[in-house]
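The questions below go through one model, element by element. Each answer ends on the value or name that was asked for.

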Amino acid sequence: MSDLLANAAPSAAVLVHATQLRQQLLAHQHAYHVLDEPTVPDAEYDKLFAQLQQLESNYSELRTPDSPTLRVGGAVLPAFQSVAHKVAMLSIRTETDTTSQGAQAYDARMRKELELPESAPAIDYVAELKFDGLAMSLRYEAGVLVCAATRGDGAVGEDVTHNVRTIGQIPLRLPSDAPQVLEVRGEVYMARADFEALNERQREAGDKTFVNPRNAAAGAVRQLDSNIAASRPLSFFAYALATVDGLKGTVPTSHFEWLQQLKRWGFPVNTLTQVVQGSAGLIDYHQRVAAQRDALAFDIDGVVYKVNDIGLQRRLGFVSREPRWAVAHKYPAQEQLTTVEAIDIQVGRTGKLTPVAKLAPVFVGGVTVTNATLHNEDEARRKDVRVGDTVIVRRAGDVIPEVVSVVLDKRDGTPPQFTMPRACPVCASEAIRLEGEADYRCSGGLVCPAQRKEAIAHFASRKAMDIDGLGVKLVEQLVDAGLVHNLADLYRLDAATLAGLPRMADKSAHNLIAALQASKAAQLPRFLFGLGIRHVGEATAKALVKHFGNLDAIMNASTDDLALVADVGPVVALSAHTFFAQQPQREMLTQLINLGVHWDDVAPQNAQDLPLFGVTVVLTGSLTLYGRDDAKAALEALGAKVSGSVSKKTSYVVAGEAAGSKLDKATALGVTVLDEAGLTALLGGLHPPQRPQ
């Protein structure tokens, strides 16, 4: 019967009833999850919820994107879709000094950047908690949540809307006074009590428990099955606005005013967020939150300071991928005592030998720690860490566990001093330490299984060749089974061989072969980065390709030639030259090319020969002919540096419509100001690119 009804049109009375139920449930959810003031008993809420579920089951067209029933989960998605952030999800700088001096340094930096005299009033800042969760971007159109995306790499994230809809604190529909387009940034997290309850349920069910609330929250958000996300108690705090279009009423002029507006639209904003004045206010806030940290209902790893005035934020601008006007001020890492049960040697993909203390398990900073790095032989000896010692362990930066020091009073007898082995523990090749370096390295290269596995996994990684499905576990299988000895062997694999591996189905095998075939159409910078040449990261790989244009030229360049490349010094040049000078590496590259790996060469460019080398340009206002991204790309192609802030070193400011404080600062500093006609002239008469209609 319900199937027949689902295909029938609902009557006017049913439509009205469904609308009323939806409005009632959304109001009750907001009161419960955001205001923490329930308006009806659970039984009454469940009764209304069941009525709406039944109506939506009977009439499929009643299932709207903002329906409260979406919070209980839904169909399993085949895979996550990528979402290009219209406004990049930037990271913020971390103040390394965890004492009050960190706040003072930030305030002093802001006053200097804004060129404020000592007599100027204290700057207003918004001080807020640094939540230990998962950054999330929420996009609303016409008042309805249409997309929720993770940070990803800052430019592109993953569409997790189906899971985020299950979070009770996130509004599915905004009030009628909300703008046409609104994009909000915030943090998905799991409260400590909810985390403990979740782990208790996991234990009772005989399932694996989660390490900490952040991992549990991140894992829930990144589930293809929204029913799993719905079963885990996730929460949300909003902390920033990314995009607004079609705002009704007065435009807020400060960050705190925007937060208050977000609260009025139904978003939860943490009550400890407040406006403070100057370094004294920042220090007081940092200390007060530190005293409350352990009593909070959720984990934090510090606080965040932001310049409150939006106009001042615009003046300060951005540096690299970070706003100048914001900073994270962390707290000292938590420390615990434990004992060293052994000291093992790990071999990295570049052959680096790292001593690692194997510890009696200890809970530090929300994680059970069993390993802690000793960095290198000199560091291990400086701290005099020995097997059997009682040590202080710290999660440095709340991320990397390390041994801080040895409690000598607890040392039993005279255990032997640690000495780095002179042979690789994996392949027995000689371990060497070059003059001026702190690390020992295995000389075995790709003959060393440890390096081989890491090198292949790096080659297949997303930022390199992006071979979907070729993860660390599968790489280990392929190497251990003797199927892959070098990078070229990857392209000799076939689906039948792969399907014979444990836990590898036919479909997975064929998918991997397809991914390998697709990766043959490579980009040279990514291929170069994927080779794992020591000291050659993404930026260096791009610089080498831009300078030389093709792989042959890079391979045959001398160290002096390589050192001429921008951002490539003697150490990098020697490393790259040494890599390509080895016959096994050249043979492997030849094999890869013969197996079909290819790319488009580019015209080599010497940065110093480009017409705008040494010129710094700032773009401000709306550029109607070019568009900001096109103008930046055209300038950089001619060697110019495009900066986000105006200084005495700025060569030109290109001012479009509605240019703001950057234009004022350029005028004050006497910097040459160009309009779009001047920009065209600067680019040597290049025609503006065609903009989509």
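Buried means under 20% relative accessible area. The model is a predicted one.

Q: Which residues of H10 are buried?
A: The cut-off for buried is under 20% relative accessible area. In H10, the residues that meet it are Gly-278, Gly-281, Leu-282, Ile-283, Tyr-285, His-286 and Val-289.

Q: What distance separates the end C-alpha atoms of H10?
A: H10 has 15 residues, so at 1.5 Å a residue it should span 21 Å. The computed value agrees with that expectation: the end C-alpha atoms are 22 Å apart.

Q: Which elements do the buried residues of H10 pack against?
A: Packing here rests on contact, meaning heavy atoms within 4.5 Å. The buried residues of H10 pack against one helix and several strands, namely H4, E3, strand E9 (274–277), E10 and E13.

Q: How far does helix H4 reach from its first C-alpha to its last?
A: Helix H4 covers residues 100–113, which makes 14 residues. At 1.5 Å a residue the expected value is 20 Å, and the model is close to it. The reach of H4 is 20 Å.

Q: Which elements do the buried residues of H4 pack against?
A: The buried residues of H4 are Gly-102, Ala-103, Tyr-106, Asp-107, Arg-109, Met-110 and Arg-111. Their packing partners are strand E2 (93–95), strand E3 (124–131), helix H10 (278–292), strand E10 (300–307), helix H11 (310–316) and strand E13 (326–330).

Q: What is the phi of Glu-115, which follows H4?
A: Glu-115 comes after H4 and has a positive phi. The value is near 55 degrees.

Q: Where is Ala-142, a residue with positive phi that is not a glycine?
A: Phi of Ala-142 is about 55 degrees. Its relative accessible area is 48%, so Ala-142 is partly exposed. Ala-142 lies in the loop between strand E4 (134–141) and strand E5 (144–150).

Q: Is His-375 buried or partly exposed?
A: His-375 sits in the loop between strand E16 (367–373) and helix H12 (377–383), and its phi is positive, near 70 degrees. Buried would require under 20% relative accessible area. At 31% relative accessibility, His-375 therefore counts as partly exposed.

Q: How many disulfides does the structure hold?
A: A disulfide needs two cysteine sulfur atoms within 2.5 Å. A search of the whole structure gives 0.

Q: Which cysteine sulfur is nearest to that of Cys-442?
A: Cys-442 is buried, with a relative accessible area of 7%. It is in no disulfide, and the nearest cysteine sulfur is 3.6 Å away. That sulfur belongs to Cys-427.

Q: Why are the rings of Phe-131 and Tyr-189 classed as they are?
A: The structure holds 13 aromatic pairs. In the pair of Phe-131 and Tyr-189, the ring centres are 6.4 Å apart and the planes are at 15 degrees. Planes under 30 degrees apart count as stacked, so this pair is stacked.

Q: How many residues apart are Phe-131 and Tyr-189?
A: Both residues are buried. Phe-131 is in strand E3 and Tyr-189 in strand E7 (residues 181–189), so that the pair links distant parts of the chain. They are 58 residues apart.

Q: Which residues do ring pairs link into a cluster with Phe-131?
A: Ring pairs join four residues, and Phe-131 is one of them. The others in the cluster are Tyr-189, Phe-237 and Phe-298.

Q: Which element gives the most to the lining of the largest cavity?
A: The search finds 1 cavity of 30 Å³ or more, and the largest has a volume of about 40 Å³. Its lining is made up of Arg-314, Arg-315, Val-646, Ser-661, Lys-662 and Lys-665. H11 and helix H24 (661–669) each give two or more residues to that lining. With 3 residues, the element that gives the most is H24.

Q: What distance separates the C-alpha atoms of Leu-669 and Val-646?
A: Leu-669 is in helix H24 and is partly exposed, at 30% relative accessible area. Beyond four places in sequence, Leu-669 touches Val-646, Ser-647 and Lys-648. The C-alpha atoms of Leu-669 and Val-646, 23 residues apart along the chain, are separated by 8.8 Å.

Note on methods:
Residues numbered from 1 in each chain as written. Predicted model: local features only at pLDDT ≥ 70, side-chain atom pairs only at ≥ 80, totals over all residues. Heavy atoms only, no water. Helix = DSSP H or I, 4+ residues; strand = E, 2+ residues; numbered from the N terminus. Expected span 1.5 Å × (residues − 1). Buried < 20%, exposed > 50% of the residue type's maximum accessible area, 1.4 Å probe, protein only. Phe/Tyr/Trp six-rings, centres within 6.5 Å; stacked < 30°, edge-to-face > 60°. 1 Å grid on protein atoms, 1.4 Å probe; cavity = no way out; pocket = protein on both sides within 12 Å on 5 of 7 lines; lining within 4 Å. Points joined across faces, edges and corners; volume = space filled by probe spheres on them.
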